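Biologist: Could you take a close look at one part of this model for me? I'd like to hear about a helix, the charged side chains on it and the sheet beside it.

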Amino acid sequence: AILTDGSSYPSTGFPIYQKYDGADDGMATASFAAGTLTNAMDCMIAVRRDSAASTILGLAAQAVDSLSYFGACIPDTDLSAKECGTPTVWVDGVQLSGGTAVTRGTLNTAMTVGGWHILEYRDLDLSAWTALHFARAYTGFYFNGAQGGILLFPGGNTAERDKARAWLAAKVGVTLP
């Protein structure tokens, strides 16, 4: 398939992937009833930032101007997650400082530009969310890199969480501690 910027990617076979230009792209689920997702959810995303621009590396509850999101990455002191409970944040298997109040600046420092990382939010409360969107949370926050997989699942199972993290890391070539 040929993209609007003239580049191409395989539309069949493995891997099939989406290409983001960092301007207006995204990925979303169909709508679902509130309560379909629960509290105590974990999410892992294999992601690479291609620029230092403001970005949303996680998910949002709606595609445009969402106040419910996690994974905001910009050098400031606002929280990296809003209206999704009080999750802890991990990058490449290491918990970030800030406990359940990790800032966008802390995430910005941990998610270095140009390298693949496994971003992990543990103990999300998504019970009020009715949709999931990747790549944009609100004006100015567009994803600007590569996404190698998103895993969203009920949390609390350390052994399964470790397996999921290792699988994502192997998929994109991240060396975990």
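Modeller: Let's start with D162, which is partly exposed, with a relative accessible area of 37%. This is a predicted model, so everything here is computed from predicted coordinates. The side chain of D162 meets that of R165 in a salt bridge, at 3.1 Å from N to O. Both residues sit in helix α2, 3 residues apart, which is about one turn of the helix. R165 has a relative accessible area of 8%, so with the cut-off for buried at under 20%, R165 counts as buried. The pair therefore joins a buried arginine to a partly exposed aspartate. And the chain of contacts carries on: salt bridges with shared partners tie D42, E120, R122, R161, D162 and R165 into one network.

One of the links worth zooming in on is E120 with R161, whose side chains form a salt bridge at 3.9 Å, N to O. Here the partners come from distant parts of the chain: E120 belongs to strand β10 (residues 116–124) and R161 to helix α2 (residues 158–172), with their positions 41 residues apart. Both ends are buried: E120 has a relative accessible area of 0%, and R161 comes in at 8%.

Now for a contrast on the same helix. E160 and K163 also pair up through a salt bridge, with N to O at 3.3 Å. They are 3 residues apart in α2, so about one helical turn separates them. E160 has 41% relative accessibility, so E160 is partly exposed, while K163 reaches 54% and is exposed. Across the whole structure there are 10 salt bridges.

What does the helix lie across? Helix α2 lies across β2, β10 and β12, and its direction makes an angle of about 165° with β12. Those strands belong to an open sheet of 5 strands, ordered β9-β8-β10-β2-β12, with antiparallel pairing. The edges are β9 (94–95) and β12 (145–154), each of which pairs on one side only. Strand β2 (residues 41–49) runs antiparallel to β12, and 9 bridges join the two. If you want a spot to check in the viewer, go to M44: its bridge partner in β12 is L151.

So, putting the pieces side by side: α2 lies across β10, and the salt bridge between E120 and R161 links that strand to the helix.

Note on methods: Residues numbered from 1 in each chain as written. Predicted model: local features only at pLDDT ≥ 70, side-chain atom pairs only at ≥ 80, totals over all residues. Heavy atoms only, no water. Salt bridge = Lys/Arg side-chain N within 4 Å of Asp/Glu carboxyl O. Helix = DSSP H or I, 4+ residues; strand = E, 2+ residues; numbered from the N terminus. Buried < 20%, exposed > 50% of the residue type's maximum accessible area, 1.4 Å probe, protein only. Pairing = 2+ DSSP bridges. Contact = heavy atoms within 4.5 Å. Axes fitted to C-alpha atoms, helices over the stretch in contact; angles between N-to-C directions.
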